[in-house]
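This briefing introduces one protein chain to a reader who has not met it before. The points below are grouped by topic.

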Amino acid sequence: MNRYLASALTLVGVPAGLAITGGSLDTIMTMTLAAWLAVLALFAPRWPRAVLVLSVLVIAGMRGSSLVDSGWVWPATAAFVAVVLAGHLRTAMIVGGTALAYGFAWDGYVADGHGGDWTLAHVGGETLWLAAVLAATTAYRNTIRWQSEVAHRLEQDEHERELDARRRRAEERVGIARDLHDVVSHTLAVVGVHLNVALDSFDSDPDEARSSLRLAQEVRGRAMTDLKSLVDVLREGAAPAIGEPADGLDGLERLAEQVRSAGLAVSLNEFGERALVPAPVATAVYRVVQESLTNTVRHAGASRVAVTVRYAPASVVVDVQDNGTAGATVIDGNGIAGMRERVATLGGALTAGPGKGGFAVLATIPFAA
């Protein structure tokens, strides 16, 4: 409540009300009451209950001294409003009821002895006025509180949406980082093999050397395209469209061909219907196969690798096995840890370790419900 507005209304309203109700016996006393109540109204927002009690006592004192001849509670309307707005409705009702009861006894039986009917008519009018003021102020306060709660709830929802969006962007950037790792490691492994072949056959078989260099250049070109698209996403701060894999299942044959060109015998076997596989699962399958083949090329010393993908109605099973020399202890590097985390994100499981005569990666990835 604006205290200056309340004070101004009190300063103008009290003399006007006394004049209308016939309670203005002396102009000086009328203005004195209005001035005191206006001054008290200035402090109502800070000390609402104290101001209300003082205002009612000032009114009762002026009435008891016969300095004014009407009003027991209505001149203190600003104080009653301030108390209700401060959340003390019960205090306003108690103080108002006490003042009206005192006024009823004073007017009816102490001062002029007007009797019950006359007193009831005058004090009853003030009772209705006070009830209307308290009801209207309570409704206004409840409306303001409701609007404030709605605004706060909307602000909280917006804050939660912003946090969720940030979390999603962070998760998507982690996914992009994994893709960068996969692309770089796979490309370096394949290109390294081709360069070694070219170096070994540079003098003895120039044609094979040129072929290896050409294949290395093609792999490098495709990798640069993938890297550029991923880096552009990071620079723009935008997230890639969810569910749109860079290669997906269609890229499995290309991965196999790259590794074949590096000198390994690769068999790719797919069973089931791939069309039912959701895009995020397809991306995970592609990355698991890519990382597995990369590890085979770089670390296994294998001559052949078998990739088997089984499409079930509700899941995909990826099985990659080579005939290399796998150590007894498996250390989770960035590649294996990244594969395991990617699969776990989709609710699946991945194991990697020594297999039948080599190293094996087995991943089961369910479809989202």
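The model is predicted. Residue Y102 has a relative accessibility of 40%, so this tyrosine counts as partly exposed. Its ring takes part in an aromatic pair with W72, and the points below start from the chain as a whole before returning to that pair.

**Overall make-up**
- Ten helices and five strands make up the secondary structure of the protein chain.
- The protein chain has 369 residues, and 38% of them count as buried.
- The accessible surface of the protein chain is about 20000 Å². Carbon and sulfur atoms account for 60% of that surface.
- Among contacts in the protein chain with a separation of 6 or more, 68% are between residues 24 or more positions apart.

**Aromatic pairs**
- Ring centres must lie within 6.5 Å to pair, and by this rule there are three aromatic pairs.
- In one pair, the ring centres of W72 and Y102 are 5.6 Å apart and the ring planes meet at 85°; planes over 60 degrees apart count as edge-to-face, so this pair does too.
- W72 belongs to the loop between α3 (48-64) and α4 (77-85), whereas Y102 belongs to helix α5 (residues 89-110), so the pair ties together parts 30 residues apart in sequence.
- W72, Y102 and W106 are linked into a cluster by ring pairs.

**Burial of the two partners**
- W72 has a relative accessibility of 3%; buried means under 20%, so W72 counts as buried.
- The pair therefore joins a buried residue, W72, to a partly exposed one, Y102.

Notes:
Residues are numbered from 1 along each chain as its sequence is written. This is a predicted model: local features need pLDDT of at least 70, side-chain atom pairs count only at pLDDT 80 or more; totals for chains, interfaces and linings use all residues. Side-chain values use heavy atoms; hydrogens and water are left out. Rings of Phe, Tyr and Trp (its six-membered ring) pair if their centres lie within 6.5 Å; planes under 30 degrees apart count as stacked, over 60 as edge-to-face and the rest as tilted. Helices (H or I, at least four residues) and strands (E, at least two) are DSSP runs, numbered from the N terminus. Buried means under 20% relative accessible area, exposed over 50%, partly exposed in between (1.4 Å probe, protein chains only). Contact means heavy atoms within 4.5 Å. Accessible areas come from the Shrake-Rupley method with a 1.4 Å probe; for residues, only the protein chains shown count as cover.
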